[in-house]
Amino acid sequence: MPRIHDVTVPLTPGMLAYPGDPPFQLEPVQRLGEAPYNLSRMVLTTHAGTHVDAPAHFLAGGATVDQLPLEILLGKARVVELLARERVERADLEALDLRDDLRVLLKTRMSGQMLKAGYQEDHVYLSEDAAHYLAQAGIKLVGFDYLSID
């Protein structure tokens, strides 16, 4: 049986939020003892914590999250470590020979920074040319270890 790795950042009050986004909120509505069940209200944006940006996030008429095939989101992924960089460039990815991969998770110097307070303006990002390369290489899912891949 294959191993499953959960890379989800927990949703917690006070967690890191993208600048200008409302913060995550978790409010108890019902509690055991007062009611026969626990119930909470959550307020969050689609950018809270670990999330999926569907094509519709950037492309008019692009697929929304509910239209993405689940098999794209689940399965074998290649983790690529690209540390000590300001941005991920096309040449960085070309050197990795990603042709046989469907899903790629980019581990950068930002790994673990989602658990710290304060948005880091100097975060690692993916260059536009690198994004085009990933699409041309047939990569269907790109995971990134910070709030924005830019």
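Before I put Leu32 on the map, one definition: helices (H or I, at least four residues) and strands (E, at least two) are DSSP runs, numbered from the N terminus. With that in hand, Leu32 sits in the loop between strand E1 (25-30) and E2.

Okay, housekeeping. This is a predicted model, so local features need pLDDT of at least 70 and side-chain atom pairs count only at pLDDT 80 or more, while totals for chains, interfaces and linings use all residues. Residues are numbered from 1 along each chain as its sequence is written, and side-chain values use heavy atoms, with hydrogens and water left out.

Now the overview. The chain has seven strands and three helices. Reading from the N terminus, you go β-β-α-β-β-α-β-β-α-β. The C-alpha trace spans about 60 × 35 × 35 Å along its principal axes.

How much of the chain is buried? Of the 150 residues, 29% are buried, where buried means under 20% relative accessible area, exposed means over 50%, and partly exposed is in between (1.4 Å probe, protein chains only). As for contacts, meaning heavy atoms within 4.5 Å, take the ones between residues at least 6 apart in sequence: 61% of those join residues at least 24 apart.

The accessible surface adds up to about 10,200 Å², and carbon and sulfur atoms own 55% of that. Those areas come from the Shrake-Rupley method with a 1.4 Å probe, and for residues only the protein chains shown count as cover.

On charges, there are 21 negative side chains and 14 positive ones, and the centres of the two sets are 6 Å apart. Lys and Arg count as positive, Asp and Glu as negative, and His and the chain ends are not counted. Each charge is placed at NZ of Lys, CZ of Arg, CG of Asp or CD of Glu.

Back to Leu32, then. At 55% relative accessibility, Leu32 counts as exposed. Setting aside neighbours within four places in sequence, Leu32 is in contact with Tyr37 and Asn38.

Which residues make up the nonpolar patch on the surface? Leu11, Leu26, Met42 and Leu44, with about 350 Å² of accessible area together. Patch members need over 30% relative accessible area and no salt bridge; like charges are joined within 9 Å, and nonpolar side chains (Val, Leu, Ile, Met, Phe, Trp, Tyr) within 5 Å. Leu44 is in the loop between strand E2 (39-43) and helix H1 (70-73), and is partly exposed because its relative accessibility is 40%.

On to salt bridges. The whole structure has nine of them, each being a side-chain nitrogen of Lys or Arg within 4 Å of a carboxyl oxygen of Asp or Glu.

Start with Arg78 and Asp101, whose closest N and O atoms are 3.0 Å apart. Arg78 belongs to strand E3 (residues 78-81) and Asp101 to the loop between helix H2 (90-94) and strand E5 (103-107), so this salt bridge ties together parts that are 23 residues apart in sequence. Arg78 is partly exposed at 29% relative accessible area, whereas Asp101 is buried at 15%.

Next, Arg90 pairs with Asp129, with 3.4 Å between the closest N and O atoms. That one links distant parts of the chain, 39 residues apart: Arg90 is in helix H2 and Asp129 in helix H3 (residues 128-136). Both ends are partly exposed, Arg90 at 21% and Asp129 at 42%.

The third one I want to show is Arg99 with Asp97, at 2.7 Å between the closest N and O atoms. Arg99 is exposed, with 62% relative accessibility. There's also a network, where Glu86, Arg87 and Glu89 are joined by salt bridges that share partners.

Stay on Asp97 for a second, in the loop between H2 and E5. Why does Asp97 count as partly exposed? Because its relative accessibility is 39%. The backbone here is worth a look too: phi of Asp97 is near 50 degrees, a positive value in a residue other than glycine. For context, most residues other than glycine have a negative phi.

Last stop, the C-terminal side: Ser148, in the segment after strand E7 (141-144). Is Ser148 buried or exposed? Buried, because its relative accessibility is 13%. Not counting residues up to four places away in sequence, Ser148 touches Tyr18, Tyr119, His123 and Val124.
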